[in-house]
Amino acid sequence: LNKNLAGEDAFNELNLYYRVCCKFVQKKNAAEGICGCNRPREPYHTERRFESKDTEWEMNLHTEIKSNPSRGYLPNGALYTQLALDTPEGKVEKLLFDIWEIPKPRLIMSITGGQKYFKLNDRLETNFMNGIIHVALKSDAWLITNGYNIGIVQLVGQAINKIKSTHPKKQITAIGICKWGSVKDAKELIKSQSRKKKNEKSNTNDNDEKVNEREHGERDLEMNHSHYLMLDDGTLRNYDIKDYRTRLCVHIAKLHHEFHIPTPVVTIVVEGGREAIKNIYDDLKATIPVVIINGSGRVADFFQKWLLYTKEFDDTSKYPDIAYEIDVTPVENFQPSTQYDARSLKLSNHTHFEVHLDGSKNTFKAIFSKYLGQLKSDLDLILTHDDDSKEKNRNPSLSTNVNNKREAKLAAALSQVIYCLQPSVRSGINVFNLNSDDDLSDIICRSICKSRQKYFIRKENDTRDSNQQKSKTSNNQQDQKRQSSVLQKFNKNDRNAQRSQLLQLAMDWNCIDAAKELILENSLNNILKKEEAFLNALKNNLPTFVYEFLKLGIDPNEIFFSDDDFFYGTDRYRKFIKHLYDKEAVNKNTTHLSWFIESDSNSSEKLITTTDHLNTILTTIIGDYMNKLYFDSDKQEKRYRSLWDLSEKNNEANHYYDNDVRSEDNLIDRENQEIIQDYIMRDLFLWSILMNHIDMAKVLLCYVKYRICAALIATKILKEYHNKATHGELKANYMKNANYFQQYAINCISQCEKNDSDQACQIVLQRIELYGNVTCIQIAANAEDKLFIATPCCVQALNNIWYDKIQSQESRIRNYILLAIGFFSFGLLAPFLVTYQKCIPGSKNEPLNRSLQSCGIDYSDPYSLEYPHFIKQRLVNQYMNKVKNFHRALLMKYCYHWMFYCFFLLLFSYVLLFNFQRPTHENPSIHWTEILTIIFITCMLIEEIHYFIYLDNLSFLGKCRSYVSNLFKIMNLLGFILFYIGLILRFAYAATDDEFIAAR
């Protein structure tokens, strides 16, 4: 109640009013007794003393002001008010913002055009209206229309109603600016709001037919708008609101204010007639850009046609940047002169048109004169449809006056069209083709940016001219230069602030081309708060903008790890988690990230608030063989590495030195910057995959170090998401995107193999510290990326592991024979028969180094063929090292295991069949073959325990899961259990032959 009373007081303080016709003026070309306000003498102007002898009806002369205008709510819940046509725009602004409390818009979009019934193709209509609503929703825009339920406004209302039905939480501010006197049953709105007249409905039932009958000049309101401004100039059934819509948009948007950042305004023109031409003219004069919808018909198509016909005016370098007022007036009873007059052109038998321009602009005048005839003809054809039926059926005696009036209207429209087509103004007109694949939001964005760009240029020119003028009259040149510098700095900041505002709109609509061309212009110095813009691009999944920001040199380190937080802070990832892993993003239905987060019993929503949460999620999704990636501080990271005996960051593997950097401090700082850069790009890539922002991940992958491993991790995450998803397009997209990243990794490793096959093999086997000390082959195996593992490079890498220091020969049969000889000679002949990896010895003073040890690779490293030195003789050392490494090769270990297992099976069978006897008093001991069998099986158990301990998993639970996931290992475990149960029974419960059967 207090709020309503406060609103009532605030409304009364505005002192709004409306107009009522108080003097009768006979309307021209109308029946006797009809006033210029379109009301009959009876019963509105019965007193003769209020009659005026004026010939033209004017609002200021023939109306009076009335207070307490009608206001309230319409049946659809929309707010409305009645107010005079000359109400100051400032009062309307207070009404909208302070009393109606409409949120301030980030865009004002005025839609005008067809006010009669017209039909678009269903597909074009749907695409166009979806584009309008998309722009409005994405930018918190105001939609401003005439509010009548006809033509393009009717389509807008249907689109708004569709959004209300499908997305009830989304609100669209749609303001109808109409005429009070043209709204059907306007006065019934007053009655519907009056509590004292609740029961008047029963008294007016007899007049329902009269009320519901719509007269010429009346329109129904489109009832899906949220607000209505019903302008009243005292007339009845008259749509004309002059240029009030334009002036209100200019005032609210602060377009002409020096010290305000203006709100972008744009006008959309669909089809249309004479009123649409006037609206285009008014808006262009007010520097409001106009987008015409080509393909919608009439005026929109007319402007598209003439923009092409007069394309020569697009070259603004030939013409001054001055908007000339052009007045085309009809001249009656024209008699052509004998000499050619360059200013005139005969167009009909009765009337010709003169184009009045500045006398010094003869060239400009002559260019327009050659188009004038065809321009007038096309325009006349379009505007014929706007003639009222009453004028068409006018009394023949009045035909002369009607024709004169028609020619005057045509002249005015022609004047407005020529103004719009002149070189300095036409750039404000932009064309959207309904039949093209262009996005309406991109065209709107371009139109707004071009308008602002032109404003900046004009403002700079005015400032320069003003400075030059002042410098001529000022004696203090130094003071003048200082003031000029301050003013230039202010203009630059103002320009950058407006560009930042336009950039946000471009990001809302994802218009990267317009942003690159008209806002950023290849420099981030043209905008303010670039870090905030980059964050918004990340959060709103705008990969093209993220790419552009990165290309222009934005540094994500400074955004997420500012003020040395990375090395010296105690909460390194606070800002990163706060902005990118917020509650809304984590619980979106476009990703299955929340399925891998442990839920809080007190909340149904999943949260990520610490680095431990992130590490747990990655461990759950990828596997606990990956070391932690996220730490709160540098000390915590170093402690963790020391605990797990991880090597420090290796300069050769992960970083490089710049020999040109002479200062040690600069070298350390550069290395630190590289470390931070590697970390943040890795973190952003993993975030994009976890959030299922695939296009964003593709962009970030270009800036990530160790892309092959990153791509394989992406396949693992997406496949885990695929396993969790139930059905539908999202599940299919998970697998599709996983296949994309696998193919990306395949393409990368294949290209590496073309350049250097040995190094490519090392890449897939390298332990990558940046990703938790995992290898590419390890991730690929865990993710079941079979196509990647099947690449020649991976096959060769696995061969290198299999043969170790032994070089695999192309001739397989010969190679196997030599290996067999070496095997059966217990490796003694291997150094003479088997080919080993090539060893490149160092100089006498420089020993051979383990080139790949820092990467976790000791396969195919020839270091162990040379070292250690057992004795001084080099040949003997090499022989002994080759014998040792021959036995260490996995191939030889497999052969030994195979031989041992065959012997064990024979021994075990022999014991069970022949020497497995129950102990007795006469023979209490067991046979030596049984003892040997027990020893063999115990050794196998020890080997199985060794295998379990050295699994890649870091946690005991992870090792257990990995072990039991292998069916063969489960069978092994059951075999050991049964064996030792049998062994216990063999000695503890074998007193009789029957009991001994269980042990057997």
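A residue is called exposed when its relative accessible area is over 50%, buried when that area is under 20%, and partly exposed in between. The exercises below apply these terms to a predicted model.

**Exercise 1. Describe the two sides of helix α42.**

Step 1. Establish the exposed side. Trp928 and Ile942 are exposed, on the side of α42 away from its buried residues.

Step 2. List the buried residues. In α42 these are Thr929, Glu930, Thr933, Ile934, Phe936, Ile937, Met940, Glu944 and Phe948.

Step 3. Examine how they are arranged. Viewed down the axis of α42, the buried residues fall within an arc of 160°, so they line one face of the helix. The general principle is that an α-helix has 3.6 residues a turn, so residues three or four places apart point the same way.

Step 4. Identify the cover. The elements covering the buried residues of α42 include α41, α43 and α44.

Step 5. Check the length. The 22 residues of α42 should span 32 Å at 1.5 Å a residue, and the separation of 32 Å between its end C-alpha atoms agrees with this.

**Exercise 2. Determine how α42 and α43 pack against each other.**

Step 1. Take the geometry. The axes of α42 and α43 are 9 Å apart, and the helices pack at an angle of about 120°.

Step 2. Classify the angle. Angles of 65 to 115 degrees count as roughly perpendicular and those over 145 as roughly antiparallel. The value found here therefore makes α42 oblique to α43.

Step 3. Name the residues that meet. From α42 come Glu944, Tyr947, Phe948 and Ile949, and from α43 come Phe956, Lys959, Cys960 and Tyr963. Of the α42 residues in this contact, Glu944 and Phe948 are also among the buried residues of that helix.

**Exercise 3. Analyse helix α44 from its cap to its two faces.**

Step 1. Begin at the N-terminal end. Asparagine 966 caps α44, with a side-chain oxygen 3.0 Å from the backbone nitrogen of phenylalanine 968.

Step 2. Compare the length with expectation. Helix α44 comprises 22 residues, 967-988, and reaches 32 Å from its first C-alpha to its last, close to the 32 Å expected.

Step 3. Find the buried residues. They are Lys969, Phe976, Phe979, Gly982, Leu983 and Arg986. These residues cover an arc of only 150° around the axis, which puts them on the same side of α44.

Step 4. Turn to the opposite face. Leu967, Met971, Leu978 and Ile984 are exposed on the face turned away from the buried side of α44.

Step 5. Identify what covers the buried residues. The covering elements include α41 (890-914), α42 (928-949), α43 (956-964) and α45 (993-999).

**Exercise 4. Locate aspartate 624 and describe its surroundings.**

Step 1. Place the residue. Aspartate 624 is in the loop between α26 (611-621) and α27 (634-643).

Step 2. Assign its accessibility. With a relative accessible area of 12%, aspartate 624 is buried.

Step 3. List its contacts. Leaving out residues up to four places away in sequence, aspartate 624 touches Thr619, Asn953, Leu954, Ser955 and Gly958.

Step 4. Look for a polar contact. The side chains of aspartate 624 and asparagine 953 are joined by one of 2.5 Å.

Step 5. Relate sequence to space. Aspartate 624 and phenylalanine 956 are 332 residues apart in sequence, while their C-alpha atoms are 9.9 Å apart. Phenylalanine 956 is also one of the α43 residues that meet α42.

**Exercise 5. Carry out the corresponding analysis for cysteine 420.**

Step 1. Place the residue. Cysteine 420 belongs to helix α15 (residues 399-421).

Step 2. Assign its accessibility. Cysteine 420 counts as buried, at 0% relative accessibility.

Step 3. List its contacts. Apart from neighbours within four places in sequence, cysteine 420 contacts Ile280, Tyr281, Leu284, Phe303, Val425, Arg426 and Ile429.

Step 4. Relate sequence to space. Cysteine 420 and aspartate 282 are 138 residues apart along the chain, and 9.6 Å separates their C-alpha atoms.

**Exercise 6. Characterise two loop residues with positive phi.**

Step 1. Consider arginine 237. Its phi is near 55°, a positive value in a residue other than glycine. Arginine 237 lies in the loop between β8 (227-232) and α10 (244-253), and it counts as partly exposed at 25% relative accessibility.

Step 2. Consider glutamate 521. Phi of glutamate 521 is likewise near 55°. Glutamate 521 lies in the loop between α19 (512-520) and α20 (530-539), and its relative accessible area of 31% makes it partly exposed.

Notes:
Residues numbered from 1 in each chain as written. Predicted model: local features only at pLDDT ≥ 70, side-chain atom pairs only at ≥ 80, totals over all residues. Heavy atoms only, no water. Helix = DSSP H or I, 4+ residues; strand = E, 2+ residues; numbered from the N terminus. Expected span 1.5 Å × (residues − 1). Buried < 20%, exposed > 50% of the residue type's maximum accessible area, 1.4 Å probe, protein only. Arc of directions from axis to C-beta. Contact = heavy atoms within 4.5 Å. Polar contact = N/O pair within 3.5 Å; in protein donor to acceptor, adjacent residues only side chain to side chain. Axes fitted to C-alpha atoms, helices over the stretch in contact; angles between N-to-C directions. Parallel < 35°, antiparallel > 145°, perpendicular 65-115°, else oblique.
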